[in-house]
Structure formats: C-alpha cells, structure tokens
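Here's a quick briefing to read with the structure open beside you. Take a moment to look it over before you start.

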Amino acid sequence: MCGIVGYIGDRKIDEVLLEGLRRLEYRGYDSCGLALNGGNNGIYRKRALGRIDNLASNLSKEKLFSAQSGIAHTRWATHGEPSEDNSHPHCDCSCELVVVHNGIIENYSVLKEELEKKGHKFSSQTDTEVIAHLIEEKIKEISRGFAVKHALPEPLFFEAFRRAVNLLTGSFAVSALWIKAPGLVISARMHSPLVVGCADNENFLASDVSAFLKYTKKVYFVDDGEIVALKKNSVDFYDFKGKKKNKEISVINWDLSMAEKGGYRHFMLKEIHEQPLSAQNTLAGRLLPFEENRILEEIELDKKFLLEMKEIQIIACGTAFHAGLSAKYVFEKLGIKTSADLASEFENRAALLDKKTLVIAVSQSGETADTLHAVKAAKKNGNKVLAVTNTLGSSLTREADHTFYTHCGPEIGVASTKAFLGQLTAFYMLAVNFAYVKNLINFEKAQEFCKELLSLPDLIEKALSLENKIEKLTEAFSQKEHYLFIGRDVNYPIALEGALKIKEISYVHAEGYAAGEMKHGPIAIIENGMPVLALALSSQYLDLIKGNMEEAKARGAEIIAVVDEESKKTVKAKHYLEVPKINELFSGALASIPLQLFAYYIALQRKCDIDKPRNLAKSVTVR
Ligand code: F6R
C-alpha cells in the first residue's frame with residue numbers, strides 16, 4: 001500500500017528512482033512522484049496522476065540538474081482523492097523540504113490545525129503533508145537557539161526529523177530530504193515496511209527489496225521505532241530518542257529475474273506457471289526423510305507445547321484467509337480442532353482464546369495491517385503466534401514467536417496465486433507434522449502423506465496443461481457478468497478463492513459458496529446460462545456435490561466441473577477441467593490451478609489490467 005524509494009550515490013538518481021518505483025508499482029498506482037535534492041541547485045519535484053510511465057514521460061521533457069540524493073513514491077490513496085496535488089512527495093511551505101510516506105498519520109488533523117495556526121499553508125488533502133510542515137516547524141524551533149549544537153544542517157535536520165516523528169501517531173514509513181543537507185536522506189519506520197540496501201559508495205531504501213535488488217542484496221530491515229540516516233558512505237540507525245543502534249546486515253537470496261516478467265505477458269501468468277517450482281521450494285528439505293523434529297526445529301516450537309495444544313486459531317485476510325480456511329478442514333480431518341477467522345474481525349475473539357491455543361497468522365507480505373493487529377491482540381492474550389509468510393524480515397516475522405516461510409519468491413501480480421499455493425502447501429506440511437507429533441497419525445501414515453506432498457510439484461505441472469483448454473473455454477464466457485463457484489469441505493475455501501480471483505481482476509460479480517448452502521437461498525440467483533464452477537473431485541462428499549450440481553443444472557446453470565480422473569466417471573457437467581488425483585486432504589492445491597487460469601483468461605478477454613486491477617494494491621498496510 002504505497003511504495004517509497006530513496007537513493008543516495010553517484011548514479012543518475014531519477015533513473016534509479018523510476019526503476020525502483022516500477023518495481024513497487026504493485027503496491028499502489030493512483031499517482032506517483034519524485035524529488036531530487038541538488039543542494040544549491042534546489043529541490044526538484046515532479047508528480048503525475050496515474051502510472052509511472054506518465055511520470056517518466058513528464059521527466060523526459062525536462063532538463064534535470066545534478067543532484068546528490070532523491071526520494072520517490074507510488075500511491076494508493078487513503079486521505080485525499082488520487083490527484084496531482086495529493087501525490088507525494090509533499091513539501092513544506094517553501095518547498096525546501098520534501099517527504100514521502102507510506103501508512104496513515106492518525107493524528108494529522110490535530111497537528112494540521114496547530115501548524116495552520118502557526119502560519120503553515122497546506123496544499124493537499126493528505127495526512128502526509130503534515131509531516132513536512134512539522135519538520136519545518138521543528139527546524140525553526142531548534143534554530144531559534146535552543147540548541148546551538150544543532151546549527152550544522154545535517155544534525156539540525158536529523159534532530160528536527162526526530163522530534164517530528166515522535167509527535168506522529170499511526171503507521172508510517174517516511175523519508176525526507178532537506179535542501180540544506182543534500183548528502184543525507186532521513187527515514188523512520190512505525191508499522192509500515194522499510195528496508196535499506198547497501199552497496200559501495202551508494203545506499204538505497206525502499207518499501208521492499210525488489211526496488212533495489214538489481215544493485216545489492218545486502219539489506220538492513222528497519223524496525224518499528226527506528227530512524228535511519230542514509231549517506232553515500234554510511235547507514236546509521238537510531239531509536240526515536242536519538243540513541244545510536246547497532247544492526248545486523250542480512251543477505252537476500254532472491255534474484256532479479258524472479259522479480260521480472262521473463263517473457264510472460266503478465267506477472268500473474270508468470271506466477272501461475274512458477275507454481276511447480278515454488279511448491280518445490282516450499283517443500284524443499286522439510287519432509288524427507290520424515291522426522292518429527294524437523295519442522296519443529298525449523299520453527300523453534302517446543303514439542304511439549306504442541307502436545308498440550310488444544311486448538312489452532314488461524315487468522316489472515318483475503319486469499320491468505322482462504323488458504324487458512326482450507327487448512328482448518330485439513331487440521332480437523334487429522335484430529336486437531338481449528339478455527340479460522342478474518343483478521344479484521346478477530347480482535348474481540350482474542351481475549352477468549354485458551355492460552356494453549358496456537359495462533360497461526362498467514363500473510364504473503366507479512367505487512368498486512370489487519371493481520372498484524374490481530375496478532376498483537378492474540379499476543380496480548382498470551383498466545384503463541386506462528387507466522388506463515390513469504391517475506392523475510394517482514395513485520396509479521398518480528399511480531400510472531402515462530403515463523404514458517406513459504407519460500408515462493410517475490411509475488412508481484414496483485415492477484416495472489418503462487419503465494420496462495422505456498423500457503424496451502426505450508427499448511428499441509430504443518431498439519432501432517434503436528435498430527436504425527438500429537439500421535440493422531442502413525443509413522444506410516446505420515447510418510448504416506450509426505451510422499452503425496454512431494455508429488456505436488458509434478459501434479460501442479462500437469463494441472464497447468466489445462467491452460468489452452470481454459471483459454472478457449474473462456475471465450476464463450478467472457479461476457480458473463482455473474483459467476484458461481486461451489487465446493488465442499490477443503491474445497492469450499494477454494495471456491496471462495498476462485499470467486500475472489502475473478503472478481504478482483506475482471507470486475508465481474510462472482511460468489512463462492514459451500515455447495516450445501518446453495519439450497520438455503522443463493523440458488524435463487526441461478527438463471528439460464530449462468531456459469532457455475534463446481535469443484536467435484538473425489539472425496540467423501542462427491543455424491544453430495546453431484547446432487548448440488550444437478551440442482552443448479554435444473555435451474556439453467558451451465559456447469560464447468562473441476563474433476564479428477566476418477567470423479568469424472570460419474571460427474572455430469574457441460575465442461576470438464578480435469579486435474580490429477582491426489583489425497584482429498586491436499587486436493588485444494590490442484591483444484592485452485594484451473595480457477596486461477598480461468599480468472600486470468602476471463603480478465604484477458606475483457607482487456608482488464610491484470611497485474612494492476614483497479615482500486616487495489618498488493619500490500620494492504622491500512623486497517
Ligand atoms: C488477493 C490478494 C489479497 C491478499 C490479502 C492479504 O489476490 O492478494 O486478498 O491475500 O490482502 O495479503 P497478505 O497475504 O500479504 O497478508
């Protein structure tokens with residue numbers, strides 16, 4: 001949700017910033033902008049409504065002066081409509097100080113009122129602009145002579161920035177430039193992601209590493225309550241009181257090609273096709289040979305806790321919630337009582353959790369504000385939290401007690417695909433492992449499950465061969481405005497996910513239902529020719545779902561059935577999408593592949609902007 005980039009070094013700053021913005025565009029794309037600090041040459045600021053290309057083409061028409069540092073922003077509007085005036089960077093009264101910000105300043109209206117009384121003139125409707133004026137005010141305050149030691153521009157800027165961020169409440173990753181200190185970029189973090197990249201004679205900062213992966217893999221993850229002073233040859237960290245901190249550098253193992261399209265038309269399609277490999281990465285080294293302590297050691301979870309654990313509580317949002325909801329069925333089929341809740345609806349339930357309940361928070365980005373808030377509520381209640389995430393060093397990994405990475409590599413397409421599959425796969429492994437540790441399944445059964453899980457990458461590859469068939473099939477359906485997705489048990493959440501995918505990238509109406517619920521109301525919306533995608537894989541519920549499909553067919557639905565070789569023999573449908581057969585516990589992973597492809601090709605036929613659907617952003621850091 002909004003992306004920020006900063007650079008200090010000898011490269012062409014506008015180019016580094018534009019490239020960084022392009023890589024972060026998935027985080028928001030209403031508008032964008034950048035600012036360059038040329039010291040005596042002044043501050044250059046350019047903003048544009050819409051995509052990065054608009055900004056780049058405006059820049060190409062202008063002669064830019066040489067600058068020492070720069071910051072940039074791509075926006076997903078929260079306060080103030082998308083417009084050039086509301087785009088970042090925002091500046092102080094004289095436009096000598098500029099800021100970019102990701103997050104929400106909750107107390108901005110109070111601060112704004114105070115600053116207006118002091119004569120500050122605001123030119124946008126955003127919460128962010130208040131930060132620029134606040135730093136300006138603090139520079140004036142300090143310069144009035146309270147602290148002579150701050151008279152030099154850099155310490156003065158640092159101290160003013162520090163005092164300003166101490167007055168902010170809410171969430172922020174904020175970076176600032178001041179005309180009088182061109183060799184310094186100052187940033188701070190509170191509940192919004194920020195990472196620093198280090199190289200020789202140059203340093204970078206961004207909302208996520210993909211913005212500077214081309215230049216360096218050496219990073220510092222900025223923590224909540226930290227200020228970072230970036231110079232060409234140094235990176236220094238401080239707490240909000242101004243005390244210097246030592247930090248450890250991390251090395252990222254993602255490479256740039258993973259964050260590029262690699263010949264595919266869209267990131268979404270590339271990521272759908274990456275799933276055999278990403279599933280392999282999720283599984284790698286975790287199952288063979290099957291040993292009860294292997295996963296427990298990785299996540300550093302005590303066996304005693306697991307033995308005493310009475311229940312699992314899953315919390316997540318959107319697609320990650322669907323993975324969690326499918327996992328609930330898997331855990332319960334293996335004998336572990338599990339609940340799954342939307343993170344945004346969870347807060348009041350936290351206090352009711354038994355202390356022996358393990359909370360599992362699932363998030364691709366590890367930065368989703370609703371999920372982080374729910375985690376805090378669970379921790380306040382004294383529960384252990386296990387994070388299932390794709391993102392190294394994310395806020396979730398720092399809030400949680402334990403982490404299980406999905407290792408899917410960067411997911412850039414706004415519609416989540418490979419991360420969803422990674423989450424399901426991670427859950428399957430946890431479920432088998434926990435069930436074995438708790439003596440709910442024996443060693444032979446655990447091994448049998450592991451063998452099935454290890455075949456997932458190949459089976460996903462086979463399911464992907466449906467692509468041509470699905471592309472053709474969608475030609476006939478692309479003009480439909482309503483779709484139903486139905487499933488039962490582990491595949492009910494997959495139906496929800498199928499509906500979400502098509503809604504978010506095609507803007508059509510789609511609903512996912514537990515197939516058994518149809519007759520309790522929703523069946524009334526079925527009319528002649530309405531596409532109903534039914535998940536009819538071999539399972540204990542196959543006969544029931546066949547009945548539900550007949551009920552829909554009798555009311556005019558055109559049934560597209562996702563089947564396996566065995567269920568196909570008895571399922572009656574107009575169209576079949578056959579995926580390989582796997583144990584029904586894990587069938588959600590395979591059933592989701594044709595639904596992802598179906599959503600993709602419907603969106604393609606409808607000429608939608610697949611990787612950047614309207615109104616959305618990939619990482620939702622507001623509540
Ligand atoms: C949909 C999608 C979203 C996310 C949700 C949670 O395709 O991507 O529904 O799943 O915003 O995001 P994470 O997993 O980053 O917490």
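**Where two domains meet**

In this predicted model, domain 1 and domain 2 bury about 1,300 Å² between them, and 59% of that area sits on carbon and sulfur atoms. Three residues on the domain 1 side, Y26, W254 and M258, supply 38% of the area that domain 1 buries against domain 2, more than any other three residues. Beyond that contact, there are some enclosed spaces to look at too.

**The domains**

- The domain assignment splits the chain into domain 1 (3-260), domain 2 (264-454) and domain 3 (464-623).
- If you go by C-alpha atoms, the centres of domain 1 and domain 2 are 34 Å apart.
- Their contact draws on 14 residues from domain 1 and 13 residues from domain 2.

**What holds your eye at the contact**

- How many salt bridges does the rule find across the interface of domain 1 and domain 2? It finds one.
- For a salt bridge to click on, try D223 with R398, where the closest N and O atoms are 2.1 Å apart.
- Between domain 1 and domain 2, you can also count three residue pairs in polar contact.
- Sort the domain 1 side of this contact by class and you get nine nonpolar, two polar and three charged residues.

**The largest cavity**

- Searching the whole structure turns up four cavities of 30 Å³ or more.
- The largest cavity has a volume of about 100 Å³.
- It's lined by 13 residues, and the closest to its centre are R488, N491, L535, L537 and S539.
- Which classes make up that lining? For the largest cavity, the lining has six nonpolar, four polar and three charged residues.

**The second largest cavity**

- Next comes the second largest cavity, with a volume of about 70 Å³.
- Its lining includes three histidines, H79, H88 and H101.
- Also lining the second largest cavity are C2, R75, W76, T78, G103, T126, D127 and T128.
- By class, the second largest cavity is lined by two nonpolar, seven polar and two charged residues.

Technical notes. Residues numbered from 1 in each chain as written. Predicted model: local features only at pLDDT ≥ 70, side-chain atom pairs only at ≥ 80, totals over all residues. Heavy atoms only, no water. Domains from an automatic or database assignment. Contact = heavy atoms within 4.5 Å. Buried area = accessible area lost by both parts, 1.4 Å probe. Salt bridge = Lys/Arg side-chain N within 4 Å of Asp/Glu carboxyl O. Polar contact = N/O pair within 3.5 Å; in protein donor to acceptor, adjacent residues only side chain to side chain. Nonpolar A, V, L, I, M, F, W, Y, C, P; charged D, E, K, R; others polar. 1 Å grid on protein atoms, 1.4 Å probe; cavity = no way out; pocket = protein on both sides within 12 Å on 5 of 7 lines; lining within 4 Å. Points joined across faces, edges and corners; volume = space filled by probe spheres on them.
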